[in-house]
Amino acid sequence: MKNRLLPWLLPAAILVAWELASRSGLLAARILPEPAAVLAAFWQLLRSGELAHHVAVSTVRAFSALAIGGGLGLLLGLLTGTWPRAEALLDTTLQMLRNIPALALIPLVILWFGIDEAAKLVLVAVGVFFPVYLNTFHGIRNVDRDLIEMARSYGLKGWQLYRQVILPGALPSILVGVRFSLGLMWVLLIVAETLSAQSGIGYLTMNAREFLQTDIVLVGILLYAALGKLADVAARALERAWLPWHRGYAPQGS
Amino acid sequence: MFLTELDAPTPVLERSQDDSTPSRPAANGLALQLRGVAKSFGARHVLKELDLRVAPGEFVALVGRSGCGKSTLLRLIAGLDAPTDGRIDAGDAEERRLMFQDARLLPWKRVVDNVALGLTGSDVRDRAMEALVQVGLGGRAQDWPATLSGGQRQRVALARALVHRPRLLLLDEPLGALDALTRLEMHRLIEQLWRRHGFTALLVTHDVTEAVALADRVLLIDRGGIALDATVTLPRPRSRTAPGFAELEERVLRHIVGQMPLAG
């Protein structure tokens with residue numbers, strides 16, 4: 001019991017100290033509003049439906065970009081992982097591009113796509129592409145050669161070999177890439193939405209900043225934290241569902 | 001320093017009084033023939049001009065020091081590698097199955113689906129279940145391979161090989177990593193299934209006791225060829241304390257170690 005409470009001791013202490021500091025006037029509301037005010041702002045946004053609207057907009061954006069970037073990464077990763085010819089053709093180029101941080105592309109993305117929806121999608125999609133691509137490629141390449149040799153000697157070839165041995169063997173690695181991308185997705189979306197947006201969590205916080213509504217800014221920040229955590233939980237659930245055989249996820253004795 | 005004296009190649013004996021189960025369907029087995037087989041990796045000649053005949057249904061053990069080429073020979077017969085020279089007649093790929101040193105089960109398939117790997121038809125599951133029951137693991141069909149012990153995994157691998165009704169079963173030190181008790185259990189199981197199905201068996205092992213316990217013939221591979229071809233006529237199932245067992249074991253061991261000429 002003691003051990004379960006221990007990790008929460010420090011956050012609770014910080015909250016109490018923060019609340020006290022705000023009430024005593026030590027901390028100006030313009031710098032940091034008191035926790036109760038943040039909670040109140042959250043409640044108000046929730047009741048007005050504003051919160052749901054902005055979260056929905058951001059979520060759709062994030063997952064559309066993930067579908068595009070991650071999907072492309074998966075496709076190209078499977079391609080270069082499976083065919084050495086495709087690797088020879090594509091991998092060097094992709095490895096070079098990989099070294100450019102997605103955020104460095106912002107000026108170019110704005111020039112090409114303006115500051116509309118497309119720009120945000122492109123920015124996030126480019127960022128999440130590489131983790132999925134790299135992990136898919138390595139997953140395919142690192143499938144146990146001995147298992148492939150065994151499967152071949154048992155008469156498996158072509159699509160059967162791919163579906164029964166190579167893809168399942170690469171799946172753990174692919175999911176690592178997806179999980180990494182899910183984290184990156186929110187980070188990139190924050191930046192993209194902060195640059196310019198008419199809706200979304202980024203818009204909510206930037207708009208609040210204009211009016212010095214620090215409580216709403218804080219709600220936005222905490223929302224990103226919660227959504228990031230949620231994405232991670234979802235990724236773990238995906239691993240648990242798709243890798244039931246894996247030592248790390250297998251329920252004991254089943 | 002190493003003894004090169006060869007035993008005169010023993011003619012393949014017809015199955016006679018040494019076989020306590022005359023009803024064994026030897027006709028299922030595949031005749032194996034190797035002529036002038038050589039294998040080199042670069043400048044290293046692992047096998048040289050090797051000739052071998054194995055009668056249908058015969059159980060042959062290949063022994064030798066590590067690196068002598070016995071596993072290479074098995075891989076050639078299995079068709080996993082191509083010989084540098086020579087001819088191998090070992091039937092079609094579907095007629096032979098190989099059991100590897102490690103079980104090589106697919107971790108993402110349940111035990112029964114591992115056994116069913118490569119099977120086609122409508123009764124795939126039934127056949128896989130039947131094979132699992134034969135190796136005593138009918139109750140673990142729905143488990144993941146990760147939950148099995150080393151011995152159980154090899155039993156699943158054995159079931160996976162046998163479900164194809166091979167006419168030639170190749171065993172590449174499949175028991176090397178198992179503990180002594182599990183090995184004894186596996187010996188009994190392999191012998192029992194061999195007698196029931198009548199396939200030709202080729203077992204690579206570094207364990208001379210295992211070779212003498214299981215095989216009709218023990219072949220010693222050395223310097224790229226067959227250095228000893230000893231026929232084992234002890235009645236089955238063999239006990240380690242049976243008269244003649246220790247002598248034969250000793251004879252093969254001495255040959256391997258090369259300390260003194262062959263006594264028998």
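In this predicted model, strand β1 (residues 32-41) of chain B pairs with β4(B) in the antiparallel sense, and four bridges hold the pairing. One spot to look at is B:Ala38, which stands opposite B:Asp85 in β4(B). The two strands belong to an open sheet of three, ordered β2-β1-β4 in chain B, with antiparallel pairing. At the edges sit β2 (44-54) and β4 (85-89) of chain B, each of them pairing on one side only. Ignoring direction, neighbouring strands here are turned by 20° against each other on average. A helix goes over this sheet: α1 (residues 70-78) of chain B lies across β1, β2 and β4 of that chain, and its run makes an angle of about 120° with β1(B).

Chain B also has an open sheet of six strands, and here the order is β5-β6-β7-β3-β8-β9, with mixed pairing. Its edges are taken by β5 (96-99) and β9 (225-231) of chain B; each has a single partner strand, so one side of each is left without a neighbour in the sheet. The average turn between neighbouring strands of this six-stranded sheet is 20°, direction ignored. Further in, β3(B) runs parallel to strand β8 (residues 217-222) of chain B, and four bridges join the pair. To find the register, start from B:Val63: its bridge partner in β8(B) is B:Leu220.

Next comes a helix of chain B, α5 (residues 180-197), with 18 residues. From first C-alpha to last, α5(B) reaches 26 Å, close to the 26 Å expected at 1.5 Å a residue. Its buried residues are B:Arg183, B:Met186, B:Ile190, B:Leu193 and B:Trp194. Looking down the axis of α5(B), these buried residues fall within an arc of 100°, so they line one face of the helix. The spacing fits a simple rule: an α-helix has 3.6 residues a turn, so residues three or four places apart point the same way. The cover over that buried set includes two strands, β3 (59-63) and β7 (200-204), along with the helices α3 (124-134), α4 (150-162) and α6 (208-214), all of chain B. Right after α5(B) comes B:Gly198, which has a positive phi, near 70°.

Over in chain A, A:Val38 makes a handy landmark in helix α2 (residues 35-48). A:Val38 counts as buried because 20 other C-beta atoms lie within 10 Å, and 20 or more is what the term asks for. Setting aside neighbours within four places in sequence, the contacts of A:Val38 are A:Pro33, A:Asp215, A:Leu218 and A:Val219. For a sense of scale, A:Val38 and A:Arg23 are 15 residues apart in sequence, and their C-alpha atoms are 14 Å apart in space.

Finally, the two chains meet: 14 residues of chain A are in contact with 13 residues of chain B. On the chain A side, the elements that give two or more residues are α7 (145-153) and α8 (158-195). The biggest share on that side comes from α7(A), which gives six residues. Sorted by class, the side of chain A that touches chain B has nine nonpolar, two polar and three charged residues.

Notes
Residues are numbered from 1 along each chain as its sequence is written. Chains are lettered from A and ligands numbered from 1 in the order in which they are written. This is a predicted model: local features need pLDDT of at least 70, side-chain atom pairs count only at pLDDT 80 or more; totals for chains, interfaces and linings use all residues. The expected span of a helix is 1.5 Å times one less than its number of residues. A residue is buried if 20 or more other C-beta atoms lie within 10 Å of its own, exposed if 12 or fewer, and partly exposed in between; C-beta atoms are placed from the backbone. The arc is that of the directions from the helix axis to the C-beta atoms. Two residues are in contact if their C-beta atoms, placed from the backbone, lie within 7 Å. Ala, Val, Leu, Ile, Met, Phe, Trp, Tyr, Cys and Pro count as nonpolar, Asp, Glu, Lys and Arg as charged, and the others, Gly among them, as polar. Two strands pair if DSSP finds at least two bridges between them. Axes are lines fitted to C-alpha atoms, for helices over the stretch in contact, and angles run from 0 to 180 degrees between N-to-C directions.
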